[in-house]
Amino acid sequence: MTDTVEITVNGRAVKVERGTTVAAALLMAGITAFHHSPGGEARAPLCGMGICFECQVTVNGEAGCLACQTVCAKGMTVVTQ
Amino acid sequence: MSHQRIKTSILVVGAGPAGISAAWAAGEGGARVTMIDNNPLPGGQIWRGAKPSDRQSAQWFERLEKAAPTRIHSARIVSADPGARTLLAELPNESTAAIAYDRLILATGARERFLPFPGWTLPGVVGAGGLQALVKSGLDVRGKRVVLAGSGPLLLAVADLLREREANVVLIAEQAPGAAVLRFGLKLAATPGKLWQAAALRARLATIPYQTNCWVESCHGDGRLNEVNVNQSGRRWKVECDYLGTGYGLVPSTELAALLGCETGADGVAVDEMQQTTVEGVYCAGEAAGIGGVDKSLVEGSIAGYAAAGDESAARALFDDRARQRRFGRDLEAAFALRDELRSLTTPETIVCRCEDVRLSDLDSLDGWRDAKLQSRCGMGRCQGRVCGPAVEFLKGWHPAAVRPPLFPTRIGTMIADDEVNP
Amino acid sequence: MTAPDVIVAGAGIVGAACALELARGGLKVAVYDSGIVSGGASAAGMGHVCVMDDSEAQFQLTRYSLELWEQLSASLPASAQHVYCGTLWVAADEEELAEARRKAEFYQPRGVPAEVLDPRQLAEAEPNLRPGLAGGLLLPADSLLYQPAVAKWMLDEAGKLGATVHTNQRIAALEDDGVHLADGTVAAAGRMVNATGAWAGQITRNTPVKPKKGHLVITERAPDFCYHEVVELAYIKSANSGATEAVAFNVAPRPTGQVLIGSCRQLGVWDPAIDGRFLSKMLRRAIEYMPGIANLRGIRTWTGFRAATKDSLPLIGPCPGYENVWLATGHEGLGITTATGTAKTLAAQMLGTPCEIPFEPYLPSRKAAQND
């Protein structure tokens, strides 16, 4: 049995293996639009290492968090932007 | 929310191979070493997540464990006061730290070079290394169809990981000519360990189509990627896929070094034989000092660590090994040099600066990087030009503007944190 | 190729406005700059277009300039982002509120709309201001624009009238025979205009300007954080106190939703580096007025050099000691505001046409500017 944590993504419960980043969790949950560019394009992770800012989401109410640098924690609430 | 002040003898920035090696070597003589990194766990990009993937990484994680430097993770360096030999870091939960050092070792690594082409902003288009990072941080790719395109051995390393995780790698498109790749392969004979690794890798990837002289020229899909257009010396075809992992080599991450006043160039941070930068007491090792792979990073890290701790003879003992590893880096660069045709991948309508949605045509008739920033907003977004900078440099030959703090978007509360304590 | 009638040195907003005005006056104009268009103080400023009343002459030039901006506004391109957000002067205490009232009483009879706000109205106008402030003064006719785009547009318009622009030409000196470039060549012209801001004193004699360094920070997008150019009234005390260093609370909303945070002044400082301690001081002042600023994310910082004069009025007119050299500099923090009025005032003198405001207070030869 693997150790799992449950987070909430746009109001929906998502269960992932412990140690999974929010970026990986969202992609597995089928999220394609992490945030939108100034021109309104849907954007999703590019660099995977905290540089491009394309994976920004709102985590526990704080906007602009980098999903690829944030590890899922029990009860975490994630909202796409 | 808290602010702490830390004093250390030797501060290592970056916990990838170069940083781990530097911290270990610096600690051998008993110096007080602190290591700071922006990831939750050590390992950098290549050994992400502190999970040993081979004998080499297992050995170095063991050494890190034994050396036991003070480790600060999930921290970003946002500004520097070189005169006071202090860096300011932003930590999670609105916390901050001012870290004072006697000697500083920069092991800030590298990032991928992205080239803009139609459709590259679609969800599903990821950096090759980016995809590797996502998979290592939990992304399940079983059964996913993946195209890897760009240049360099990273594509093969990523393919190997994806294969192991049961993804369906449908194509590896390498822009370099087959002859150059072959020559590079033969040169590996000079470093037997690498040759053996390469041969084993080749065997594992035998079933994956590997095309040279080949690149992805556009991506298509409704809301997310489902197809790429591939070009191989004029022959074009379409490939359906769930992910495109793309990357055209690596770019040294030199921003912190530049902020500290160290001389930097397109090849990375300039260093002397002891890996010392042009600023006394500041060393640089690994990809930030020139792209060359994990073995170069490890040996440079140790040299920098020994040198910073004052053990120059231990550092000198590693010079021959370093020379060999640097040669490998130069061969790598020559073999995977980017072809001119790639410049025409970017159409006038292609978004170049993703943060601000600036298109190539918006840069027409502008007068260099600074003019582009002022007049088109190119490079003015949150990534501060880290993605579009190298792309625009390749497309237009414009060199990035000077580095100023903050190095990353930073809470204003963080920017004033240390002066609050000691105004 | 015949030599131009006039060469304007400096492709910032003042130089660009002068070039356009002179081209419209029928002169053949060339513009030279050591760097890029709008690359000096014009790149660094907030883009604030505001009326000021430190002196009658300052009021005349700013009010006249505001009228000209209003006439120009409709023809500006979208990239100019000209927005009538108004200036909100914040009074922290009763003394400052009295100053707000005095200003309102000065402006209103002179046709400048001005409204004194009580604490409740102030909080409604800018909800992120801290509670407990005494009130404010709203000047709704003030505006914000994006000056690099405006300067570029002005030069493009001048170009349609035959003007040429020469960037990245290092200028060594302006002489009566032309512009002397650092590479030894001379670009000849009938007359020269020095519009190089804080650097003006380096290329002409008898040009008493000093740099007044400023720092600015811009945040990530934070829409609806603030709505006006918001400035503390104590700014007036600090800006004119004669102290060589001062900080003041000053924020402005960009149309992108980003927030500009200023401001500070360091007289006589030429080092372009970010001064971390001084920047912190400026940011702490901003947080005092708007505590929420602490939670915004700063994305970039930069510095710039205002061209300060002894009497805080610009130098517009013939440069003392020359036959053919003119000045359009010394605007300090009002270069963007008064670019339009400066261009008209200079062009009227150079072309011998009537000037809508008296130009004498700005003549470089005036005693108050030259006196040491």
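How many residues does the contact take from chain A and from chain B? In this predicted model, the contact takes 32 residues from chain A and 29 residues from chain B. On the side of chain A that touches chain B, the elements that give two or more residues are β2 (12-17), α1 (22-28) and β4 (42-43) of chain A, and the largest share, five residues, is supplied by α1(A). When the residues of this side of chain A are sorted by character, they divide into 19 nonpolar, nine polar and four charged.

Within chain B, strand β1 (residues 3-13) is joined to strand β6 (residues 95-106) of chain B by ten bridges, and these two strands run parallel; in this pairing, B:R5 stands opposite B:A98 in β6(B). Strand β1(B) is also joined to strand β2 (residues 33-36) of chain B, here by four bridges and again in a parallel arrangement, with B:V13 standing opposite B:I36 in β2(B).

Chain C has ten helices and 19 strands, and its C-alpha atoms fill a box of roughly 65 × 45 × 45 Å when this is taken along the principal axes. The radius of gyration of chain C is 20 Å, which agrees with the value near 21 Å that a compact globule would have with 372 residues. Of the 372 residues of chain C, 56% count as buried. Among the contacts in chain C with a separation of 6 or more, 74% are accounted for by residues 24 or more positions apart.

Key: Residues numbered from 1 in each chain as written. Chains lettered and ligands numbered in written order. Predicted model: local features only at pLDDT ≥ 70, side-chain atom pairs only at ≥ 80, totals over all residues. Pairing = 2+ DSSP bridges. Contact = placed C-beta atoms within 7 Å. Nonpolar A, V, L, I, M, F, W, Y, C, P; charged D, E, K, R; others polar. Rg over C-alpha atoms; globule rule 2.2 N^0.38 Å. Buried ≥ 20, exposed ≤ 12 C-beta atoms within 10 Å, placed from the backbone.
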